Amino acid sequence: MTDFQKNKDLVFEQVAQAAQAANRSKDSVNIIAVTKYVDSGVAARLIDTGITHIGENRVDVFLDKYEALKDRPLTWHLIGSLQRRKVKNVINLVDYFHALDSVKLALEIQKRAEHTIKCFLQVNISGEESKHGFKVSEIDEALAAISECDKVELVGLMTMAPKDASGNEINDIFGRANQIRQELQKRGLPHMPFTELSMGMSGDFKLAIQNGATFVRIGTSFFK
Ligand SMILES: *Cc1c(COP(=O)(O)O)cnc(C)c1O
């Protein structure tokens, strides 16, 4: 039997320790519980332990969970890639969208949004061909195009380390993401505050927090 309270307490404690080790306040790191491995009944039991941020990576599952749990005081994160044809079904329900990975998608969000949508620009720091996200060399051109999309609020960057990366490699990637984020924040562009950094999963959230993550996306550790 999964002990949700124990798992929750352990994750929150480890996040707090990692924040303290990095001279950061624990409140500067938001913990998103990624519930993609379980149905909404099981997710509700985890939420009862004191979860306030919930994340799903697929639109259809997001919508099911949202329908079942929308009366709870939760902040809703869509963390996986979004096909353009599905934008209209979901975008006005999400509090944060973490996987803005093309200009065409930004244009579709602009078209369908009924209010400002908080988005993370997904960046592919390592340049791996299989990964979603803008390469670093593509960011400036993307921002120029997205500057026309005033309903797309670029709150920050999101990134993922390659699956087989070593600790050192992950550290470099996360450090680079934070550098780029800081540089973009300094530009002070309209509707592009770039104050946030979404990175770190069950296997690498400590490194992410060391490197300035403000949102960590944790699934497995809650459900083992
Ligand atoms: C599944 C998923 C996570 C959580 O990963 P765990 O290793 O289970 O903690 C984080 N981010 C995204 C985009 C995911 O799809």
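Colleague: How many aromatic pairs does the rule count come to?

Modeller: The count comes to seven aromatic pairs. Bear in mind that this is a predicted model.

Colleague: Why is the pair of Phe-4 and Phe-223 called edge-to-face?

Modeller: Two values settle a case of this kind: the distance of the centres and the angle of the planes. Rings pair if their centres lie within 6.5 Å, and planes over 60 degrees apart count as edge-to-face. For Phe-4 and Phe-223 the centres are 6.2 Å apart and the planes stand at 75 degrees, so the pair is edge-to-face.

Colleague: What makes this pair tie together parts that are 219 residues apart in sequence?

Modeller: Phe-4 belongs to helix H1 (residues 4-21) and Phe-223 to helix H9 (residues 220-223), so the pair links parts 219 residues apart in sequence.

Colleague: Now the ligand. What makes the approach of Lys-36 a polar contact?

Modeller: The cut-off for a pair of N or O atoms is 3.5 Å. A polar side-chain atom of Lys-36 lies 2.7 Å from a ligand oxygen, so the pair falls within that cut-off. Thr-220 also qualifies: an N or O atom in its side chain is 2.5 Å from an oxygen atom of the ligand. Gly-219 uses a backbone N or O atom, at 2.8 Å from a ligand oxygen.

Colleague: How much of the ligand's accessible area does the protein cover?

Modeller: The protein covers 89% of the 390 Å² that the ligand has on its own. The space the ligand takes is the largest pocket.

Colleague: Which classes make up the shell around the ligand?

Modeller: Four nonpolar, four polar and two charged residues. Among the residues around the ligand are Tyr-37, Asn-57, Met-201 and Arg-217.

Definitions and conventions
Residues are numbered from 1 along each chain as its sequence is written. This is a predicted model: local features need pLDDT of at least 70, side-chain atom pairs count only at pLDDT 80 or more; totals for chains, interfaces and linings use all residues. Side-chain values use heavy atoms; hydrogens and water are left out. A residue is near a molecule or strand if one of its heavy atoms lies within 4 Å of it. A polar contact is a pair of N or O atoms within 3.5 Å; within protein, one must be able to donate a hydrogen and the other to accept it, and residues adjacent in sequence count only if both atoms are side-chain atoms. Accessible areas come from the Shrake-Rupley method with a 1.4 Å probe; for residues, only the protein chains shown count as cover. On a 1 Å grid over the protein atoms alone, a cavity is a set of points where a 1.4 Å probe fits but cannot get out, and a pocket is an open set with protein on both sides within 12 Å along at least five of seven lines; lining residues have an atom within 4 Å of a point. A molecule sits in a cavity or pocket if more than half of its atoms lie within 2 Å of its grid points. Ala, Val, Leu, Ile, Met, Phe, Trp, Tyr, Cys and Pro count as nonpolar, Asp, Glu, Lys and Arg as charged, and the others, Gly among them, as polar. Rings of Phe, Tyr and Trp (its six-membered ring) pair if their centres lie within 6.5 Å; planes under 30 degrees apart count as stacked, over 60 as edge-to-face and the rest as tilted. Helices (H or I, at least four residues) and strands (E, at least two) are DSSP runs, numbered from the N terminus.
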